Amino acid sequence: MLGRGCVRLNLKSVIFLIISLILTHVRITQTSVNSNNPEVIPTKLEKTSTDNDRSALTINSGIKIPSDTSHCPNGTLCGDLPNSCLQCNYNAQCIYGAEMNVTCIPKSSVSCDGPSHEIKRKTICRYCYQTERWEQACEQKGGCNSIDSQFKTNCTVNTEILCMGHRTFMKKVPCNWTQGYRWSTTLILSITLGGFGVDRFFLGHWQEGIGKLFSFGGLGVWTLIDVLLISLHYLGPADGSLYI
């Protein structure tokens, strides 16, 4: 004889449970993405710093960041020189992240007109290794894979960025590798067969795929959310690889 006790779930409870599971998965994914970008912090910070160290670094496209002053214009006003043609002194006691003024002079091989002993430029108080990723050029390692999710490489700050310390430093960067997953194929699967969890199975998220299959795509709610996440490139392969 079956017991009389049973659990009754209405539609609102099912939708709330599905959304809670998805949001938990999104938070875990975001934490994993953020952990892939740690910076190597030096053990000792320089108390005084200049930006003389502008070394050449080959970028993936083959373009080189110039380490000389051959690109600097001659005969122009000293105050109009680009940052890469100046040598600046910084106050290492500044407050991190605050805007500050630095005093610069043209580099020794640069010829310019007008007063050159005091050129003021605005910048942010930070060391070069603290700059944003898009402000750096890093050597990309070839042939990395899921075992090598991160690798150490040399990064150099772009020439027009003013910062303290060494302009070239070692940093951990994520390995941009792919296993052949196409974004367009995944999106089509999510739109057409997402209600059966095919998109999740295709990406390797088999646990979520099973839940999606037996809940009929979370009664449509989960399906719509996954279509949105995939279209924004937020939901990717379970192995951490990139779409092609």
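Mentor: A disulfide is taken here as a pair of cysteine sulfur atoms within 2.5 Å, and the model we are reading is a predicted one.

Trainee: How far apart are the sulfur atoms of cysteine 88 and cysteine 104?

Mentor: These two cysteines come from strand S1 and strand S2 (residues 99-106) respectively, so their link ties together parts that are 16 residues apart in sequence. The pair does form a disulfide, and the separation of the sulfur atoms is 1.9 Å.

Trainee: Which hand does the link of cysteine 88 and cysteine 104 have?

Mentor: Cysteine 88 counts as buried at 0% relative accessibility, and cysteine 104 likewise counts as buried at 0%. The angle about the S-S bond of cysteine 88 and cysteine 104 is 100°, and the link is right-handed.

Trainee: How many disulfides does the structure hold?

Mentor: The link between cysteine 88 and cysteine 104 is one of them, and another joins cysteine 72 to cysteine 85, with sulfur atoms 2.0 Å apart. Counted over the structure, the number of disulfides is 6.

Trainee: Is the disulfide of cysteine 72 and cysteine 85 left-handed or right-handed?

Mentor: Cysteine 72 and cysteine 85 are both buried. The torsion about their S-S bond is about -105°, so the disulfide is left-handed.

Trainee: Where do cysteine 72 and cysteine 85 lie?

Mentor: The pair ties together parts that are 13 residues apart in sequence. Cysteine 72 and cysteine 85 are each placed in the loop between helix H1 (11-34) and strand S1 (86-89).

Trainee: Is serine 70 buried or exposed?

Mentor: Serine 70 is also found in the loop between H1 and S1, and its C-alpha is 8.7 Å from that of valine 110, although the two residues are 40 apart in sequence. A residue has to pass 50% relative accessible area to count as exposed. Serine 70 has 63%, and therefore it is exposed.

Trainee: Which strands hold cysteine 138 and cysteine 155?

Mentor: Cysteine 138 and cysteine 155 form a disulfide with sulfur atoms 2.0 Å apart, and the torsion of about 110° makes that disulfide right-handed. Cysteine 138 is buried at 7% relative accessibility, and cysteine 155 is buried at 0%. The pair ties together parts 17 residues apart in sequence, with cysteine 138 in strand S4 (residues 136-138) and cysteine 155 in strand S5.

Trainee: Which residue of S6 is the bridge partner of asparagine 154?

Mentor: Strand S5 (residues 150-157) pairs with S6 in the antiparallel sense over 7 bridges. Side chains alternate along strand S6 (residues 168-174), where Phe169, Lys171 and Val173 point to one face and are buried, whereas Thr168, Met170, Lys172 and Pro174 point to the other and are not. The partner of asparagine 154 is methionine 170.

Trainee: What is the angle at which helix H4 and helix H6 pack?

Mentor: Two packed helices are described by the angle between their axes and by the distance between the axes. For H4 (residues 206-214) and H6 (residues 221-231) the axes are 10 Å apart, and the angle is about 140°.

Trainee: How many charged residues are in the contact of H4 with H6?

Mentor: The packing angle makes H4 oblique to H6. Glu208, Gly211 and Lys212 of H4 meet Trp222, Thr223 and Asp226 of H6 in this contact. By class, the residues divide into 1 nonpolar and 2 polar, and the number of charged ones is 3.

Methods
Residues are numbered from 1 along each chain as its sequence is written. This is a predicted model: local features need pLDDT of at least 70, side-chain atom pairs count only at pLDDT 80 or more; totals for chains, interfaces and linings use all residues. Side-chain values use heavy atoms; hydrogens and water are left out. Axes are lines fitted to C-alpha atoms, for helices over the stretch in contact, and angles run from 0 to 180 degrees between N-to-C directions. Helices (H or I, at least four residues) and strands (E, at least two) are DSSP runs, numbered from the N terminus. Angles under 35 degrees count as roughly parallel, over 145 as roughly antiparallel, 65 to 115 as roughly perpendicular and the rest as oblique. Contact means heavy atoms within 4.5 Å. Ala, Val, Leu, Ile, Met, Phe, Trp, Tyr, Cys and Pro count as nonpolar, Asp, Glu, Lys and Arg as charged, and the others, Gly among them, as polar. Buried means under 20% relative accessible area, exposed over 50%, partly exposed in between (1.4 Å probe, protein chains only). Two strands pair if DSSP finds at least two bridges between them.
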